[in-house]
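User: Please take a close look at one chain of this model. Keep it brisk.

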Amino acid sequence: MSLLALQRDFRSWLNTEADEAAARIGTAAAPGLAVYLNNYRGQLLDCLRESFGVVRAWLGDSAFDGAAAIHIEQQPPHSWTLDAYALEFPQTLERLYPDDREIAELACIERELGMIFVGPDSASLDRAHLAEVDWDAAILKFVPTLHFLSVSTNAAAIWSSLTANEMPPGAIGLDRPATLALWRDEFAPTFRTLDDGEYDALNTLRNGTTFGTLCTKLVNAVGEADGAALAGGMLARWLADGMIEKIGKRS
Amino acid sequence: MLTQHQFGLGLRKPHYTDFLDSEQKVAVDFVEVISENFMIEGGRPLDVLRRVRERHPVALHGVSMSVGSADGIDHDYLHRLRVLVDAIEPIFVSDHLSWSRIEGFNSHDLLPLPYTSETLDTVSTNILRAQDVLGRTMLIENPSSYIAFPGEMTEWEFLDALCRRTGCELLLDVNNVFVSASNHGFDALSYLAGIPADRVRQIHLAGHSQGHELLIDTHDQTVPAAVWTLYASVFGRLGPVATMIERDDAIPPLSDLLDELDIARSIAVGGRRKAA
């Protein structure tokens with residue numbers, strides 16, 4: 001048997017426990033094949049358990065392991081990194097629990113936070129010179145891990161309760177989808193729910209619009225005093241949250 | 001490259017604080033990390049590794065290169081490893097004589113190879129490619145295995161041929177020799193006598209568990225007496241070599257591992273005296 005044929009048979013054995021493949025590898029190999037199969041499944045199960053601890057707490061060990069077993073059967077790993085194996089688990093949960101959308105959304109939050117944990121580093125914001133910034137011309141550069149996730153349930157509240165070891169609220173659907181901002185503040189992955197105005201403001205600024213232009217837009221929308229206060233309040237929070245990496249100037 | 005006998009430990013999460021926060025440096029000559037855990041863009045794990053690297057030489061030990069894949073080696077993997085190598089400047093870069101990946105499937109396990117001339121061609125080609133991308137000599141580790149295929153040569157003959165073909169060096173895992181010898185019924189001392197001693201640059205010591213019919217390489221126990229005996233038997237024959245203890249599960253306090261490492265030190269001293 002060629003090396004390629006042997007490795008294809010091994011793959012069939014691990015994926016499907018194919019008896020024909022095991023027979024071709026050899027009857028004397030049976031005890032060893034059982035060890036490798038156990039290692040393979042155990043490794044993937046451990047990966048999912050570690051990556052989705054909150055989902056596991058929400059579902060319970062038995063239901064979680066059942067979902068993981070289905071995922072392992074249906075989604076063989078393809079990347080050299082085990083981190084990638086966690087990426088598609090939310091889709092499996094969505095298929096398994098179509099009427100309990102908070103489960104897949106909890107998994108999405110955990111997946112995104114996991115990716116953020118090892119995402120690109122950002123430079124430290126130079127806070128010493130904030131007073132000298134020309135805010136009208138300022139271009140805000142946000143940390144590279146900042147991104148958004150749309151949710152249709154109160155998964156964010158459930159996640160927060162479970163990670164704080166508090167009694168989680170019951171799952172409910174939201175009247176309209178909400179947007180979460182997720183990012184890493186130094187080394188700590190974090191997220192919070194945005195209102196429509198802040199989401200719009202962040203998107204506007206991420207497209208290269210100056211802070212001054214955003215202020216003008218808000219003043220036009222809600223009036224001079226409220227617009228300026230709104231812009232200033234959001235800026236202060238982004239700074240406090242560690243969302244901003246750098247403040248540049250329009251050239 | 002290490003120029004004298006040195007002793008290290010695998011760097012594991014429960015011991016990060018010990019390695020970073022102690023006012024006194026941990027008494028090891030180097031640490032070894034699992035390469036894939038740090039082949040990432042950024043975040044705390046890389047920060048920890050960079051800070052540990054400021055205190056200790058680091059060896060990179062991989063588990064996913066899959067040098068035995070019949071369909072070749074993963075270029076993306078190699079290039080990411082090169083980035084880490086350039087950042088950390090490790091004393092060694094190692095991986096296993098095994099395969100994990102075939103045609104887009106990755107088992108995340110160290111699967112066994114038949115020791116044939118075809119396999120030797122495949123593994124040699126893959127290692128030469130890896131060494132070319134990494135710009136350095138690799139260390140290849142003998143695996144623990146649970147299946148022995150009919151082959152054309154023994155594992156130690158295969159390793160000897162591989163070293164000659166590729167210029168690679170060896171990471172000799174003494175526990176793996178013991179486990180495979182027990183599982184497949186060969187003589188561990190013959191194995192140790194058969195490997196090219198002058199190519200061994202690093203040694204792994206670890207514990208194992210008794211499975212249903214086979215010994216399993218679990219790294220969850222102290223190094224057993226039989227493995228220490230093998231270590232003592234081979235150490236005196238080797239040139240400059242770095243010894244370390246691998247512990248991946250049921251990880252004890254760092255002080256326990258340092259005590260175990262002292263056993264290795266004392267055996268090494270005895271082995272050198274005997275050889276002299």
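What percentage of the 276 residues in chain B do buried residues make up?

Analyst: Buried residues make up 49% of the 276 residues in chain B (buried: 20 or more other C-beta atoms, placed from the backbone, within 10 Å of the residue's own). This is a predicted model, where local features need pLDDT of at least 70 and side-chain atom pairs count only at pLDDT 80 or more, while totals for chains, interfaces and linings use all residues. Residues are numbered from 1 along each chain as its sequence is written, and chains are lettered from A in the order in which they are written.

Chain B has 9 helices and 12 strands (DSSP runs: H or I of at least four residues, E of at least two). Its radius of gyration, over C-alpha atoms, is 18 Å, close to the 19 Å from the globule rule (2.2 Å times the number of residues to the power 0.38), so chain B is as compact as a globular protein of that length. The C-alpha trace of chain B spans about 55 × 45 × 40 Å along its principal axes.

Contacts in chain B (C-beta atoms within 7 Å) reach far along the sequence. Of those with a separation of 6 or more, 77% join residues 24 or more positions apart.

Chain B also touches chain A. That contact takes 34 residues from chain B and 32 residues from chain A. On the chain A side, α1 (3–16) and α3 (30–51) each supply at least two residues. By class, this side of chain A has 19 nonpolar, 9 polar and 4 charged residues (Ala, Val, Leu, Ile, Met, Phe, Trp, Tyr, Cys and Pro are nonpolar; Asp, Glu, Lys and Arg charged; the others, Gly among them, polar).

Notes
Two residues are in contact if their C-beta atoms, placed from the backbone, lie within 7 Å. A residue is buried if 20 or more other C-beta atoms lie within 10 Å of its own, exposed if 12 or fewer, and partly exposed in between; C-beta atoms are placed from the backbone.
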